Structure formats: structure tokens, C-alpha cells
Amino acid sequence: MNEPLLPPLPDDAFGSVLCVVAHPDDVEYGASSAVAAWTARGVQVSYLILTHGEAGMSDTSPHVTGPLRVEEQVTGSRAVGVSQVDFLDYPDGVLEYSLDMRRDITRAIRANRPDAVLVGPYDVEFVAGLNQADHRVAGLAAIDAVRDAGNRWVFPELAAEGLEPWSPRWILISGHSEPTHGVDVTGEPLERGIASLEAHARYLASIDGHPPARTLVTAITAMSGPAMGVGHAVLFKAWDLQARPRIPGLEPQDGSAPTSGPSA
């Protein structure tokens, strides 16, 4: 029996997205094609990157690598219609989960007030194999910060900064082994996503055997396309935080159908 096709994220699900990742280039490995599809229809997308990626080039010192990778990230972001790219100063390669990190991400969520927060996979294993330590820390801290952002009694000092609580409706997890939804990126969004990774030219050139950006992004999105019945797709596990949990015995009394966590 054929598996049912994954549904697209509804066009009206959100009008703004904040992407929270560990490094410059983390969004560009496939997910930026979805960003291109969103910005093309008017969705406001911004990036929060926890490090400058300064430990990413083994033959170049961190004080040179950091500014270079920031520059490449800003250029790559423009290729998919993103002009707001903020960087924090956490140390690349040795991220540690902390309340300070949660507070900083919470600050960004309250300042940007997004409808959805996009994060990378935070499990040890994900669709591409073993996950990198910084990715795991960044994803988990961002997931927790989404709830922190809506609770005025968590990090109350942020209210003193004029940042009132804000609760995004959606969490989108890219690279998840059990996706629930997808974005068709066939055509122009794919081309723009490729261009966004190509902007990291000096970084990619420093990695022995790294395939060309076009080859890699095309392969990743083509691998995901059949799950939606399209040529190229980016897949997500989507959590609708306004959905009622599906718990046996707690069906709604109004006769409406209960909803589960990952939902559209």
C-alpha cells in the first residue's frame, strides 16, 4: 500500500517566520528553498544565528573565519528574500544549553513576534546521519524558548526592556526523520535556495570533497519531493501549538474533532 502524501503547509498558516540555527549556512542546506517560497508570497522571514561560525574552517583562524562567514550568510540570505539576519556571540563548536541562551532566543522571539519559529533537528540521529552537537543544542534551546516567550513570569527582565510576551503558533523542525508537512520548492524557489548555499563559496571550498551547492541542494530536495508528489520539496515536522492534544477520553464536548500536536 502506498503511503499517503504529506500535505503542504497551508498558505495562510503564518505571515512571519523566525529561523533559529547554530551556524551560518545551517538554513541553506535545503530549508532556504522553502524560505524562498515563503518570501515570494509575502511572508516575512528573519534569521537568528547563535554563532559566527568561526570554528568552521580548519585552515583559517577563527578571527578571520567569523567575519567571512557572517558576510557569506548575509549574502546568502538576500538570495532568498531575507534582509534581517541577527548573530549572537556564542562560541562555535562548543555550544552549551543554558538559561542565557534560552533568554537570548526568547528576546528575539518577543522582538520579532513571529507566527512560526523554524529550528533544525535536535536529536542525535537525523535524516542525514549523526547530528552535530551545536545543532542539537540550538534546536532544543529554541524549542524551549518558544514557550518561554509566551510566559511573562519567565525572564521577567525582558518586559522591563519593553518586550511583552509573545506566543508563536507554529514550530517547524527541518531535517526531522518523521515529517508531517512539506513545501513544494520546484522551480524558482529551488534555484534561489541553490544560490543561497552557493553564497558560502569560501566556506564550502574549505571542505574536502564537498559537492557543488547545486548538486547537493537539488539532491536533497529531489529526495523529499516524492513524499508530497512533487519534483522538489522541503519537509518539516510541524507543531501547531494551538491544537488540542489528542488524548483518549478527553474528546471535546462541542462535537468537533480533536486535533493532534503536529497539525495543520
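## A walk from valine 183 outwards

Let us begin at valine 183, which, apart from neighbours within four places in sequence, is in contact with Leu9, Ala34, Ala37, Trp38, Met228, His232, Ala233, Val234 and Phe236. The model you are looking at is a predicted one. Valine 183 sits in strand E8, residues 181-184. Its relative accessibility is 8%, so valine 183 counts as buried, the cut-off being under 20%. There is also a link across the sequence here: the C-alpha atoms of valine 183 and glycine 225 are 9.1 Å apart, although 42 residues separate the two along the chain.

One of the contacts of valine 183 is Trp38, and that residue makes a good next stop. Setting aside neighbours within four places in sequence, tryptophan 38 touches Leu9, Phe14, Val17, Val43, Val45, Leu118, Leu172, Val183 and Phe236.

From here we can step back to the nonpolar interior. The largest nonpolar core contains 29 residues, and Phe14, Trp38, Tyr47 and Leu172 have the most contacts inside it. Two or more residues of this core come from each of strand E1 (16-21), helix H1 (31-40), strand E2 (44-49), strand E4 (116-119), strand E7 (170-174) and strand E9 (233-240). H1 supplies the largest share, six residues. A second, separate core has 24 residues, including Val20, Val117, Ile171 and Ile173.

Now turn to a pair of helices. Two packed helices are described by the angle between their axes and the distance between the axes. Helix H6 (residues 188-198) and helix H8 (residues 213-224) have axes that come within 9 Å and cross at roughly 135°. H6 and H8 are therefore oblique to each other, as an angle over 145 degrees would be needed to count as roughly antiparallel. The crossing of the two helices is right-handed. On the H6 side, Leu190, Glu191, Ile194, Leu197 and Glu198 take part, and they meet Ala213, Arg214, Leu216, Val217, Thr218 and Thr221 of H8. Sorted by class, this contact has six nonpolar, two polar and three charged residues.

Finally, two loop residues deserve a look for their backbone. Aspartate 25, in the loop between E1 and H1, has a phi near 95°, a positive value in a residue other than glycine. Arginine 113, in the loop between helix H3 (99-112) and E4, also has a positive phi, near 50°. What is the relative accessible area of each? Aspartate 25 is buried, at 3%, whereas arginine 113 is partly exposed, at 37%.

Definitions and conventions. Residues numbered from 1 in each chain as written. Predicted model: local features only at pLDDT ≥ 70, side-chain atom pairs only at ≥ 80, totals over all residues. Heavy atoms only, no water. Axes fitted to C-alpha atoms, helices over the stretch in contact; angles between N-to-C directions. Helix = DSSP H or I, 4+ residues; strand = E, 2+ residues; numbered from the N terminus. Parallel < 35°, antiparallel > 145°, perpendicular 65-115°, else oblique. Left-handed = near helix turned anticlockwise from the far one by under 90°. Contact = heavy atoms within 4.5 Å. Nonpolar A, V, L, I, M, F, W, Y, C, P; charged D, E, K, R; others polar. Core = buried A, V, L, I, M, F, W, Y, C linked by side-chain atoms within 4.5 Å. Buried < 20%, exposed > 50% of the residue type's maximum accessible area, 1.4 Å probe, protein only.
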